[in-house]
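I opened this notebook page to record two look-ups, one on a single acidic residue and one on ring pairs. The entries follow in the order in which I made them.

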Amino acid sequence: MAPLTTASDEKTHQALLDKLDVYAVHKPFRNPNWKTAQRRNKNLKQIIGEASRKEASVMATQNNSGISTPSVPHTEGAGTPIGNGGPPNIAQAAQSLSTLVLEKNGRAAAGGNATGPAPTYMNIESAPSFHPSSQKKYCDITGLPAPYTDPKTRLRYHNKEIFGTIRTMPQNVSEGYLAARGAHTILK
């Protein structure tokens, strides 16, 4: 290559360099708005710690909120708090309801009759549900999970073999199984 001697050759050379520059080429596969994810995985200890700190800060905030809010005695028929005869203020009602729940839980814990924290939606130390839909049903004969119930004897069974066995049993045996489960009826 010949040495550059004129200004036009320098301009041509610079234009060629700009044209061949890799960094100046438009890269449509790279999104200029893309950012790395801010979320990271947390272990159980971190999750529990954050939840307890959050609950403690909520408790402290709600305990201090009673200082600035005047205590209004509960009257019969009082609905949500109403400001100046206008529509109900839902945010104020929710805050006063949560304050009432916290005060009630605090009184129950201070009374000594509670062994631990009162079950609320904010903690997991609540008792198991005894609702009938949450109770698993087991076979009266085998003890396996029982998806079926015999309409004649009212015994629960696991599969068709057990159903055949139930139908061949005498009435007093099936009543014995019902009695063991506590589902028998006594006619007087």
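**Entry 1: Asp140**

I began by locating Asp140, and in this predicted model I found Asp140 in the loop that runs between α3 (90-110) and β1 (148-149). I then looked up its accessibility, and since the relative value is 15%, which falls under the 20% cut-off, I noted Asp140 as buried.

Next I asked which residues Asp140 is in contact with, leaving aside its neighbours within four places in sequence. The search returned Leu155, Arg156, Tyr177 and Arg181. For Arg181 I also recorded a polar contact, in which the side chain of Asp140 meets the side chain of Arg181 at 3.0 Å.

**Entry 2: aromatic pairs**

How many aromatic pairs does a search of the whole structure find? I counted two. One of them joins Tyr148 and Tyr157, whose ring centres are 5.4 Å apart with 25 degrees between the planes, so I entered this pair as stacked because the angle is under 30 degrees. The other joins Tyr157 and Phe163, at 5.0 Å centre to centre and 40 degrees between the planes, and I entered this pair as tilted. Taken together, Tyr148, Tyr157 and Phe163 form one aromatic cluster.

I closed by checking whether each of these residues is buried or exposed. Tyr157 has a relative accessible area of 12% and is therefore buried, whereas Tyr148, at 42% relative accessibility, counts as partly exposed. Phe163 is also partly exposed, with a relative accessible area of 27%.

How values were computed
Residues numbered from 1 in each chain as written. Predicted model: local features only at pLDDT ≥ 70, side-chain atom pairs only at ≥ 80, totals over all residues. Heavy atoms only, no water. Helix = DSSP H or I, 4+ residues; strand = E, 2+ residues; numbered from the N terminus. Buried < 20%, exposed > 50% of the residue type's maximum accessible area, 1.4 Å probe, protein only. Polar contact = N/O pair within 3.5 Å; in protein donor to acceptor, adjacent residues only side chain to side chain. Contact = heavy atoms within 4.5 Å. Phe/Tyr/Trp six-rings, centres within 6.5 Å; stacked < 30°, edge-to-face > 60°.
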